Every structure is written in structure tokens, then in C-alpha cells.
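Biologist: I am new to this structure. Please take one part and go through it closely, then set it beside the rest.

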Amino acid sequence: MSEFVKNLMAQVKAKNPSEPEFHQAVFEVASSLALVLEKHPEYRKEKILERIIEPERIILFRVPWVNDQGDVQINRGFRIEMNSAIGPYKGGLRFHPSVNLGILKFLAFEQVFKNSLTTLPMGGGKGGSDFDPKGKSDGEVMRFCQSFMSELFRHIGSNTDVPAGDIGVGGREIGFLFGQYKKLRNEFTGVLTGKGLNWGGSLIRPEATGYGAVYFAAEMLGTRNQTMEGKKCLVSGSGNVAQYTVEKILQLGGKVLTLSDSNGYIYDEAGITTEKLQYVMDLKNVRRGRIKDYIDKFKGAVYTQLDPNTDSNQLWNHKADCAFPSATQNEINSKDAANLLKNGVYVVSEGANMPSTIEAIEQFVNAKILYGPGKAANAGGVATSGLEMAQNSMRYSWTREEVDNRLRLIMKSIHKTCVDIAEKYDTPYNYVNGANIGGFVKVADAMLDQGIV
Ligand code: NDP
């Protein structure tokens with residue numbers, strides 16, 4: 001570890017105690033940036049990275065609501081406005097009981113570099129609440145969303161900060177949030193992305209993160225003159241990103257063996273087909289059930305309950321070619337990474353944000369497999385949110401083909417940026433360095449231009 005990174009991390013830890021995920025995200029980026037900071041003393045002098053690490057603004061608020069039994073509930077709401085050097089703050093909202101300041105700061109920090117990589121003019125932000133939508137009625141979710149927006153509305157706007165979905169925030173929640181924003185502001189603007197198609201949403205936005213992660217994997221495979229055809233794939237999660245990852249893998253001729261949720265995973269030796277995927281979409285998006293139900297419907301599949309007392313996740317211990325972690329942060333630890341490599345996996349394309357620990361990443365990079373870090377591989381979601389913003393500004397809608405083509409081109413361009421930059425800094429095919437440096441330079445140069453603000 002360079003002296004610069006060591007000193008920086010000591011400061012970050014002292015100033016942001018009890019935020020291990022934020023420390024992890026900063027460490028990963030800073031380790032790559034040591035290469036570029038050596039060559040650009042102006043970035044050091046102007047303390048660009050130190051400034052990016054400090055959020056421009058954090059909004060923290062009370063979210064009171066009443067459940068179906070008439071009991072008062074209190075959750076905590078957050079919005080981290082991390083960096084607006086290249087555009088309005090942009091990033092999702094996460095509703096999950098594990099949400100805290102450190103997790104949202106790590107997500108907002110990652111978002112700054114990811115949004116820059118997309119080539120679109122979007123700054124970085126993230127927000128959410130420790131509210132758990134699981135097991136809540138639609139009425140409870142609506143009342144929570146309305147209370148959440150009753151505070152958030154004064155801080156966001158189509159030219160200021162444009163939130164979207166993330167874990168626990170899908171089409172239903174975006175609808176309730178948008179309705180309340182519109183009522184309070186008395187205006188119909190593109191203040192949120194992921195909207196319904198008949199009220200300002202973009203075609204392909206629901207599919208975009210998963211599709212993009214598979215396009216990115218296909219681009220990485222292309223560097224070895226290979227395609228997704230016939231590739232055996234492990235996918236984790238069963239939410240938005242996982243579902244459309246599976247759909248695109250199937251369209252490109254690959255085979256999907258696994259899906260999971262926070263209770264366990266299913267392994268389907270015969271492969272998850274389009275028909276089986278339709279069942280999962282209905283199970284998860286409409287009936288809001290558990291992935292375990294899959295084995296009652298499809299008899300050849302096996303369900304394994306997650307054991308919190310073991311040091312590895314058996315989902316990552318099957319023979320395969322590709323892995324698409326699409327659930328949550330740190331779902332692949334050092335032992336899981338070793339299992340993946342042992343089982344022949346040589347493509348990892350991260351749909352989730354920071355799903356691999358620092359030790360797991362080190363193993364992937366040292367093994368020289370095709371490892372696409374989340375801020376590059378899953379940038380298709382926010383990129384298509386950017387396309388939704390563009391369509392909203394024009395009051396016009398592009399066709400499915402048009403948005404999908406743009407998404408594909410953006411993923412191609414992100415891939416090229418990663419490869420070119422990794423090469424430029426003498427670390428060929430190191431997508432971690434490529435993504436971190438590629439995302440940083442555009443933001444850093446904008447900050448230099450805009451002075452000390
Ligand atoms: P969803 O809420 O739609 O799905 C999340 C899935 O991950 C569910 O299957 C959920 O299981 C599982 N999961 C959540 N937390 C955990 C946990 N602690 N342990 C194990 N499984 C867990 O979210 P998305 O699909 O939108 O998001 C998935 C990942 O992709 C996140 O890391 C998110 O930040 C990232 N991402 C999402 C984007 C988007 O456009 N939606 C864009 C870029 C990145 P359960 O139902 O049991 O909770």
C-alpha cells in the first residue's frame with residue numbers, strides 16, 4: 001500500500017468511524033488512483049480526492065407513518081448528495097433494514113465514478129431508509145413513501161437531484177414517491193427515474209442494469225474472441241437486476257443455474273428457462289414470495305438455506321464459466337472467490353454494488369480473469385436513467401430498440417474506457433484500475449475548472 005493511500009485511509013477512518021463499507025469503497029478507489037495522482041500533482045495540490053470523499057451535503061430526517069394496526073412507526077430517511085461537478089446528483093434510493101449512513105455513503109461514493117463513466121452529465125448521490133418493505137401491505141408502503149417524500153421533496157428536483165430505485169425500491173415505490181412529489185410541488189417533472197411507462201418512464205429502464213451487466217460480460221469475453229453462447233452462469237439475487245440478467249443471458253444463448261434471496265438459493269441443473277423466469281418474476285414482483293417456492297414448482301431444482309454460521313456461500317461453489325453477483329454488497333468473500341476460481345469461473349460481471357470484498361477482488365485480479373467491477377458493469381441502470389431524464393426534458397419517448405441500442409453503445413464505451421485506461425497505466429485488462437481512473441478523471445477535471453467549492 002502506498003504512503004498516500006495509508007495516510008488517506010487513516011484520515012478517512014478517523015473522520016468516519018463505524019462506516020466499514022465506506023472505508024472499503026474509498027480504499028478500493030484510492031488504491032487505483034495512486035497511479036494517476038503520481039502523474040498529476042495538480043489533483044494532489046487541489047485535494048480533489050479528499051474533496052470527493054467528503055459529501056457535498058447529507059440530509060437526515062425522521063419518517064413517521066402509521067401501520068395497518070394503527071400503530072405509529074418511525075424510520076430514518078437519508079439522502080447523500082455526494083458530488084455535483086458534472087451534473088445534478090443522481091443515484092438510487094434503498095429501502096432495507098440494514099441501511100445506515102456508512103452504507104449509503106459507500107453507494108454514493110461509487111455512484112460518482114459510475115455516473116462519470118456513463119459519459120452522461122450526472123453527478124453522484126444515494127439515499128434511502130431503514131424501512132423494510134418485506135411483509136408490508138401496499139397501503140403501508142404507500143403511507144411510508146408519502147411520509148418519506150414529504151421531507152425529501154424540498155431537497156430534490158430535476159435540475160438538482162434525481163433519485164431512482166435500488167434494493168427494495170421498484171416501480172411500486174417510485175409511483176408512490178412520484179405521486180407525493182407531484183402533489184407537494186404542483187409540477188410534473190422528471191424528478192425521479194424508473195417511472196411507469198405511461199407517466200414519463202423510459203422503455204428498457206427496468207431491464208437496463210441486468211442487460212447492461214450481461215452486455216459488459218459479452219464485451220469482456222470479446223477480448224478473448226468468445227461470446228455468451230453456451231456459457232454456464234451463476235446468478236445471485238432474484239430482484240430487478242437478477243431477473244433481467246437472466247433474461248439477457250438466455251437471449252445470448254447462455255445457461256443460468258442459480259438464483260437466490262436473503263434466505264437461500266436454488267440450483268437448477270437443467271437451467272432456468274424463459275418460462276421458469278416468468279414464474280420467478282411473478283413470484284417476486286407480484287406475489288412477493290420467497291425463492292424457496294421455486295423447487296415446489298420445478299422438481300429437478302434444489303434449494304439450499306443460507307447458513308449465517310458458515311464462512312462461505314455455497315451458491316458460488318458450482319462448476320460454471322461466469323458469475324453475476326446481483327444481490328448485495330460483500331456477497332463474495334475471499335473463500336467464495338477461491339471457490340469460484342476452483343470451479344472454473346473466469347468471468348465475473350458485477351450487477352450488484354461492491355458485491356466482492358477487497359480480498360476477493362485481489363484474487364480475481366491476480367488470477368487475471370475477466371473481472372468487471374460494479375461501477376462499470378452495472379452502470380447500464382443509471383445510464384438508462386440518464387436517457388429517461390433526456391426523454392423527459394424533450395417531452396418525447398424513444399422506442400425500445402432506440403433505448404436498447406443506446407444502452408449497448410454506452411456499455412461498449414465504458415468497456416473501451418476501462419481497457420484503454422488500464423493499458424495506459426501499464427495494468428492491461430485490469431478493469432478495476434480502468435473503471436476507477438476513468439471515472440475519476442472527468443470529475444477531477446471538472447472540479448479543477450470550477451474552483452474550490
Ligand atoms: P431488489 O430489491 O429488486 O432485489 C434485491 C435482491 O437481492 C433480492 O433477491 C434480495 O433478497 C437480495 N438481497 C438483498 N439484500 C440481501 C442480503 N443482505 N443478503 C442476501 N440477499 C440479499 O434490488 P435490485 O435488484 O435493484 O438491486 C440488487 C443490487 O444491484 C444492489 O446491490 C443494488 O445496489 C445494485 N444495483 C441496482 C440497480 C438498479 O437499477 N436497480 C443499479 C445498479 C446497481 P430478499 O428479497 O430476501 O431481500
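**A loop residue and its surroundings**

Modeller: Asp426 sits in the loop between α16 (400–424) and α17 (431–450). A word of care before going on: this is a predicted model. The backbone at Asp426 has a positive phi of about 60°, although Asp426 is not a glycine. Is Asp426 buried or exposed? Asp426 has 9 other C-beta atoms within 10 Å. A residue with 12 or fewer counts as exposed, so Asp426 is exposed.

Ser18 makes a good companion case. Ser18 is not a glycine, and its phi is positive too, at about 60°. Ser18 lies in the loop between α1 (3–15) and α2. Around Ser18 there are 10 other C-beta atoms within 10 Å. The cut-off for exposed is 12 or fewer, so Ser18 is exposed.

From Ser18, follow the chain into α2. This helix spans residues 20–39. To place α2, start with the domains. The domain assignment gives domain 1 as 3–188 and domain 2 as 208–372. Their centres, taken over C-alpha atoms, are separated by 26 Å. Ten residues from domain 1 and seven residues from domain 2 make the contact. On the domain 1 side, α2 and α5 (101–117) each supply at least two residues. Which element gives the most to that side? The answer is α2, with five residues. By class, the domain 1 side has five nonpolar, two polar and three charged residues.

Now turn to a sheet. Three strands form an open sheet in the order β8-β9-β10, and the pairing is antiparallel. The edge strands are β8 (258–261) and β10 (302–305), and each of them pairs on one side only. From one strand to the next, the twist averages 20°.

Look at one of the pairings in detail. Strand β9 covers residues 264–267 and pairs with β10 in the antiparallel sense. How many bridges does this pairing run over? There are four bridges between β9 and β10. One residue to find by eye is Tyr265. Its bridge partner in β10 is Thr304.

To retrace the route, begin at Asp426, in the loop between α16 and α17. Go next to Ser18, in the loop between α1 and α2. Then see α2, which gives five residues to the side of domain 1 that touches domain 2. End at the open sheet, with its order β8-β9-β10.

Technical notes. Residues are numbered from 1 along each chain as its sequence is written. This is a predicted model: local features need pLDDT of at least 70, side-chain atom pairs count only at pLDDT 80 or more; totals for chains, interfaces and linings use all residues. Two strands pair if DSSP finds at least two bridges between them. Axes are lines fitted to C-alpha atoms, for helices over the stretch in contact, and angles run from 0 to 180 degrees between N-to-C directions. Domain bounds come from an automatic or database domain assignment. Two residues are in contact if their C-beta atoms, placed from the backbone, lie within 7 Å. Ala, Val, Leu, Ile, Met, Phe, Trp, Tyr, Cys and Pro count as nonpolar, Asp, Glu, Lys and Arg as charged, and the others, Gly among them, as polar. A residue is buried if 20 or more other C-beta atoms lie within 10 Å of its own, exposed if 12 or fewer, and partly exposed in between; C-beta atoms are placed from the backbone.
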